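Hi everyone, thanks for coming. Let's take a friendly walk through one structure together, so have a look at what's on the screen.

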Amino acid sequence: MYLRCAAHLYLGVRVPPRRYFWMDAVTAQTSRRQLYALVSSAGAILLITMGVRQTSGLFLVPITQSTGVSIVAMSFALAIGQLIWGAAQPVFGAIADKYGAVKVVIFGAILLALGNALTPFAGSSAGLVLTMGILSASGAAAGSFSILIGIAAQRLPPQERSFAAGVINAGGSIGQSVFAPLVQFIIGAAGWASAMFATAFAALLTIPLVLPLRRSNGASAAASLAPVPHLTLGEQLRVALRDPSYLFLHAGFFTCGFHIAFLVTHLPNDLRLCGLPASVAPASLMLIGLFNVAGSLAAGWLGQRYRMKYLLALIYASRAAIVAVYLVMPKTALNVYLFAGALGFTWLATVPPTSGLVGKLFGTRYLATLFGLTLLSHQIGGFLGAWLGGIALAQTGNYEWIWYADITLALLAAAANLPIREARMTAQPATA
C-alpha cells in the first residue's frame, strides 16, 4: 500500500481512489476525537466555574455572621456579581471570537481564583463587592456558557450543536451537584474562609483543561459548510438588535436569570426560615444540579428534533407550576427534595435551546458575542432576583412576594418565546 502511494506521489503512476479510503477514515476518526475532546473539555471547565459560582449562596449566612455585614449588603454584593457575570460575557465573547478562547479562559481562571482567595480578607460590604461581585464574577464569566458553547458550535455541523450545548451545559449542572455538598462540608469543618480558598484552588484546575480548545484543522474542517457573506461584528450586532425574535429571547432569558439567581442566593436561607436542618439546603442544591444533567441533555436532544421556541415556552411555564406547588406544599425535607428535583430538570435547560436559536438566526461566527448579550439580559434579571430577595427579607421577614413575582415572570417568559421566528435548520458556516 505504501509503495503504491509512493508511486503515485513521486512517479506519477495513477492509483485507484479506493486505495486512499483508509486515509479518509483515519482523518474523519481523528476529527471526531478532537471534537469529543473539545466538548468534554468545555463541559469540564464549566463544571468548575459554575460549581464555584452556583454555591455562593451557601456563604450568605456564614459571612454575615462573622463579618457583621448585613444580609442586604451581602445580597447586593452577590447581585453585583450576577450583573458583572452577565456584562462580562459579551466582552469576553468578542475577545474570544477575535483572538481565541484559550487566553480568555486562562485569564478567567486566574481572576476567579484571585477573587475567591481575597474574599476572606474583605471585611466590609465594599470589599465583598470588589472580590465576590467583580473579580470572581468576571473570572467565572470568562469560562462560562457563551465562550464554551460558542467555540463548540463553530466547529460542529448544525445538526449536532444543540446536543453538544446540552452536554456542555450538563457539566455546569454536575459542578453544582459536586461543589454544593463539598463547600458545605468545608464550611462546617474548617470555616467559610477555608472553603473560599478551596474554591480558589479549584478555579486554577481549569487552566490545563484548555488544551483541546485550541483550533485544529481537523476539527474545523469537520464543521465547515458553504460560505455566506461576511459581516463585521458591528454589522452583525445591528442586525441582531433589530430582530424581534432576538429581543424575545432576551426577554425570556431575563426571567431565567431572575429565577436562578434568587434561588441560588436565597433558597438556603428560605429553607432555614422554614425550620429545616442546615443539611437540607446543600442537598437541595446538589439535587438541582443532578437533575439538571438530565434536563440539559434532554433539552439538547429535543432541540435537534422539535422547534426550540416551543421547548423554551414549555420550560418557563413548567417553572411557574413548580414554584406554585412549592408555595402551598408542607415544608418537609422530602417535599423540598421533590421540589429541587423537579426544578433541577428545568434549571439551566434553557441554555441549549437559547444558544441554538441564536445560532439558527445568525450563524456561529459571532455566537460567543451574541449569546453573551442574551446572558447579559439573563444576569440583569439575576441582579434583580438576588438583590430584591434581600430587600424582601429585610422588609417583610420572608420571601413570599418574590416567589409570586417569579411565577408571573415565568408565565410572561413562556408567552414571549412563542412569536419567535424559527426557521428550519439551514447550512451555516462554522467560521467566517
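Let's start with helix α16, residues 351-362. Helices here are DSSP runs of H or I with at least four residues, and strands are runs of E with at least two, numbered from the N terminus. How far should the 12 residues of α16 span? The expected span is 1.5 Å times one less than the number of residues, so for α16 that gives 16 Å, and the end C-alpha atoms are 17 Å apart, which agrees.

Before going on: this is a predicted model, where local features need pLDDT of at least 70, side-chain atom pairs count only at pLDDT 80 or more, and totals for chains, interfaces and linings use all residues. Residues are numbered from 1 along each chain as its sequence is written, and side-chain values use heavy atoms, with hydrogens and water left out.

Is α16 enclosed or open? Buried means under 20% relative accessible area, exposed over 50%, and partly exposed in between, with a 1.4 Å probe and protein chains only. In α16, 12 of the 12 residues are buried, so the helix is largely enclosed by the rest of the structure. Right after α16 comes glycine 363, with a positive phi near 80°.

Next, helix α9, residues 192-204, which holds threonine 199. Threonine 199 counts as buried at 3% relative accessibility. Leaving out residues up to four places away in sequence, threonine 199 touches Val52, Asn116 and Val183, where contact means heavy atoms within 4.5 Å. Leucine 204 is in α9 too, but counts as partly exposed at 37%. Beyond four places in sequence, leucine 204 is in contact with Ala109, Ile110 and Ala113.

Now for the rings! The whole structure has 12 aromatic pairs. Rings of Phe, Tyr and Trp (its six-membered ring) pair if their centres lie within 6.5 Å; planes under 30 degrees apart are stacked, over 60 edge-to-face, and the rest tilted. Phenylalanine 121 and phenylalanine 197 have ring centres 6.2 Å apart and planes at 50°, so this pair is tilted. Phenylalanine 121 sits in the loop between α5 (101-118) and α6 (125-142) and phenylalanine 197 in α9, so the pair ties together parts 76 residues apart in sequence.

Phenylalanine 262 and tyrosine 399 make an edge-to-face pair, 5.7 Å between centres and 65° between planes. Both phenylalanine 262 and tyrosine 399 are buried. They belong to one aromatic cluster with Tyr326, Phe339 and Trp403.

That's my tour, thanks for listening!
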